[in-house]
Amino acid sequence: MKRSLLFTCLGVCFSVTAACAATQPELRELPVFASSNHVLDIQVIATARPIHLGEVATEGWVYTVCYRKDALGDACPDNPRTSSEYGGMWLKLQQGDHLKIHFLNQLPPAPPDADHLNDPMGAMLAANPTNLHTHGLIVEPRRATAADPTFGDYVYVLAYPPGKKPGMTTPGLETTERAIDYDIYIPQDHPSGAYWIHPHVHGLALNQLSYGLAGVITVGSPEDYLAGPGVPAGLAPGVTVRNMLLKDIEVRADGTVLSQEDPGFCNPTEAGESSPRDGACPGQSGPPGAAGPSYAGGNWFFTINGQVYPTIHVSPQGEIWRIWSASGSRTYQLQLQDPATGKSLPFQVLAVDGITLDWNSDPAATARATGGKVRPVTCPAHLAGTRAVCANSLHMMPSARAEIWIPPAAASRSAVLVTDHYSTGPAGDDWPYVQLAAVEFPAQPAGKSGALTVRPVVPALLAKTGILGSKVKIDGGPAGELALDSASQTAAKLAPASQAQLLEHLLSLSAPANIQSAPCESLPPGHRRRIFFGLPASNPDGFGLGYEEADAKGRPVPGTFRDIAPFDPAMIDVCLPLAAGNATATEVWELVNVSGEDHNFHIHQTKFRVLGDKPTDAPPDALMDNVPLPHGSDPCDGSIATWRSGSCKVAPVLVSIPFSEVGDFVYHCHILEHEDGGMMAHIRVVPAK
Ligand SMILES: [Cu+2]
C-alpha cells in the first residue's frame, strides 16, 4: 500500500481530488462551542445543506448550531458564530458541566435508498425522524416527566419535522414534532477525553450518519491526564492538540449521496488506478453482465473534519491527535506511512474511547484489553519513556476513539495518514484503502523528544465506586477523587438534587403497559449474561441478538434462552437492579459472535473492561465503550445452533460492565448497517430492591 509522494507530485492529476500534497489546505479545527460558567446552552438543527467535497458539490445533512442566546426562534442567525458544516462541530465541555441542547428536526424525508422503509416499522421512518445520543458519556438516560420535560441521553424519543409526525405509534417509542430539549449533566468526576454526538434512530442511523450528521464532544483536556501526582508537567507550550473527526460519504456520478453505504462502491485496493486515492476512491463499475449497481464516475470521500485530503504540518513541539472513527459502517485501519519506505511510523497511544490507556508489561494483555484496537510495538528512541504504549496502527471500528502523541521528530520528514484495506470476514465487507491526509514533520523539532507521561485513571475509576458511583445517591454525591477542577457551585445548583425530584425521576421509569420485560433480577454470584451476535432465523437478511444466562461453569441456565431476534423497543431484553444501597452493579457479559463477520459491541451510559479468558483475570488497562468481536471460523453461519454443535469455533469476548445509571438504554453493534438491521437490544437498570 505504499505510495510515493514524489510520484504523486510528478504525476498528472486526473482525479477531482488528486493534487500535490503541498497545495492542499491545512487541516482546520472544527467550529467550537464551549461551555462557560459550567453551562453550554445551544440550539442544534438537523437540516440539509449544499456541501463541497473537494471540487464535488452535493447536498449533505448537517447540524446547524448556535448558542441559544443567539437563536432566532427555531432558526440560528446567519452570522459567523453559527456553524453549519458537513465536517461537524466541537462541543467543548468540562467536568461538572450542564449541556443543554434545544434540538430541532428540519430534515427532508428519508432517502428512498434507506433499507428499512418497507420494514414493519418503516412507516415510522418515512418522514425522517431523528434524535441525539452523546456517545461514551457516563450520564443519565433520563426520560422526560411532567415536572421536567427535558430528556437526558435517552434514545427512545424521536423528533419529526413540524407537521410530519405519523399518526401511528410504535410501542416503546415516544415521538414529537416539536423540539426535544436535552439536559445532560456531566459528572464532576467524569474522565477527560474524546466522546461524540450522533443520531440514534433505529432503521435510519446509517443513512443519517452517512449524510453527515455527527459532531465531537470533549470533556476536559489532555493536560488533565498528562499532569498529576508524580507527573512533572502537562503539555509543553507549543504542543498542538487536534480534533480529527473521520467521516465518509459516497457520492454517485449524478452528484447524489448513496446513504445506504455500499462497501463495494470502490475496489478494496488502488491496484491499476492512475491517480492516488487522496481522500477519495473512485466508484467502480459493477462486474460485466451483473445486475448490480454501477458507481462509475462517483467518488467515496473520506474526510477529516469535513476536509478532503488536508495537510497536517506537525508542530515543532509535537502534537496530540484526538481521532474519531465516525463512519456509519466502515472499519478504519489507521497507519502513518513513510512514503519512501512504506513503513508505518510509530506513535504513542495515550487514550482509547475517552479513557487513558495504562501500560502493561505484556503487549498481548494490552491488545486484549483494547479488543485489538492497539497492538503495542517497542517504542523507538524518540518515543522513549517509562510506561509508554507505542503502536504503528490503530484498529478503529465504527465509534472508536483514540488519542495519540505525534512527536516532532520522526524517522521521515513526511508521511501519509492512511486507512488500509480491511476485511471484516468471509460474510463481511471489504473496506477500501484510502489516503486521508498528508503529514509534514518540522525541519527542526523544538520540543524534547520522548514519550509523554500518562496518568492512569482506570484503577481509581473502578476502585471505590465501580464507575463514577451511582447517580441515585444524589444527596451524597459521587466520590470525588477524580475531580479535576474545583467543584462548581453552578453545576451543583443545576443538578437534580432533591429527594422529590429523585422520586419522580425513578417513578418516570415505570413501564408503559405495552412494554414487556425480562425479570429485573441481579445475576447470581459467578453467573454471566451471554449475548449472541448473529442472524435471526425469521429474517436471514436481517441482524439480531440472542441471550442466555450462564452459570459459573458456562452452562446455560434453563429457561433463560432467547434465540437471535431483531430489536424491539417494546421488549426489555435485559433488566437489572443496582446493587444494595443503590451502589454500582457490576456484571460479566460473554459476547459470542456466531457470524462469519466481525461485529462491534457498544453499550450506552457506561464503560467496560475486557477480561481475559477467565473472569478473574482482569488487568485494569483500559475502559472502553465499544469492542471488536472478531468473526468465528468457517462454518459459522449466524445461528446459535451451529455454535452449539461445536463446528462454529469462536473466542468469546468477556467483559466486566459496571452499571451505575438508572433508566432505559441500549446495547448494540455499532456497525450501523447491523444496528439498523436489528442487532440491538433494550436494557433497563432499576434502583436496588
Ligand atoms: Cu455488527
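User: What is the spacing in sequence of the donor residues of the copper ion?

Analyst: In this predicted model, the spacing of the donor residues reads H-x69-C-x4-H. The pair H599 and H674 ties together parts that are 75 residues apart in sequence, because H599 lies in strand β35 (residues 599-603) and H674 in helix α9 (residues 672-676).

User: What makes H599, C669 and H674 donors of the copper ion?

Analyst: Distance does. The cut-off for a donor atom here is within 2.8 Å of the metal, and ND1 of H599, SG of C669 and ND1 of H674 coordinate the copper ion at 2.0 to 2.1 Å. Water is not among the atoms, so the site may look incomplete.

User: Why is H599 called buried or exposed? And how is H674 classed?

Analyst: Buried means under 20% relative accessible area. H599 has 0% relative accessibility, so H599 counts as buried. H674, also at 0%, is likewise buried.

User: Happy with that. How do you know which strands are at the edge of the open sheet?

Analyst: By looking at the pairing. The open sheet has six strands in the order β32-β31-β30-β34-β38-β36, with mixed pairing. Strands β32 (562-565) and β36 (609-610) each pair on one side only, and these are the edge strands.

User: What makes β30 and β34 a pair?

Analyst: Two strands pair if at least two bridges are found between them. Strand β30 (residues 528-534) and strand β34 (residues 585-593) have five bridges, in the parallel sense, so they qualify under that cut-off. As a landmark to look for, F532 stands opposite V592 in β34.

User: Why is strand β33 described as largely enclosed by the rest of the structure?

Analyst: Strand β33 (residues 571-577) has seven residues and six of them are buried, so the description follows. Its partners are easy to trace through I572: the residue is the bridge partner of S517, and its own partner in β40 is H682. Strand β29 (residues 516-517) joins β33 by two bridges, running parallel, while strand β40 (residues 680-686) joins β33 by five, also parallel.

User: How do you know where the largest nonpolar core lies with respect to the domains?

Analyst: That core has 74 residues, and W589 and F601 touch the most other members. Domain 2 (229-440) and domain 3 (509-686) both give residues to the core, so it lies between them. A second, separate core of 69 residues includes Y67, L107, L173 and A280.

User: Which residues is W589 in contact with, beyond its neighbours within four places in sequence?

Analyst: Among them are R529, I531, V574, F601, V653, Y667 and I683.

User: What makes F33 and Y67 an aromatic pair, and why is the pair called tilted?

Analyst: Ring centres must lie within 6.5 Å, and planes from 30 to 60 degrees apart fall into the tilted class. The rings of F33 and Y67 are 5.2 Å apart centre to centre, with 55 degrees between the planes, so both cut-offs are met. The pair links F33 in strand β1 (residues 32-34) to Y67 in strand β3 (residues 56-67), 34 residues apart. Both F33 and Y67 are buried.

User: And how is the pair of F601 and F608 described?

Analyst: As tilted, with 5.5 Å centre to centre and 50 degrees between the planes. F601 is at 0% relative accessibility and therefore buried, and F608, at 0%, is buried too.

User: Which residues do ring pairs link into a cluster?

Analyst: F265, Y295, W300, F302, Y332 and W431. The search of the whole structure finds 19 aromatic pairs.

Technical notes
Residues numbered from 1 in each chain as written. Predicted model: local features only at pLDDT ≥ 70, side-chain atom pairs only at ≥ 80, totals over all residues. Heavy atoms only, no water. Donors = N, O, S within 2.8 Å, 3.2 Å for Na, K, Ca; no water. Helix = DSSP H or I, 4+ residues; strand = E, 2+ residues; numbered from the N terminus. Buried < 20%, exposed > 50% of the residue type's maximum accessible area, 1.4 Å probe, protein only. Core = buried A, V, L, I, M, F, W, Y, C linked by side-chain atoms within 4.5 Å. Domains from an automatic or database assignment. Contact = heavy atoms within 4.5 Å. Phe/Tyr/Trp six-rings, centres within 6.5 Å; stacked < 30°, edge-to-face > 60°.
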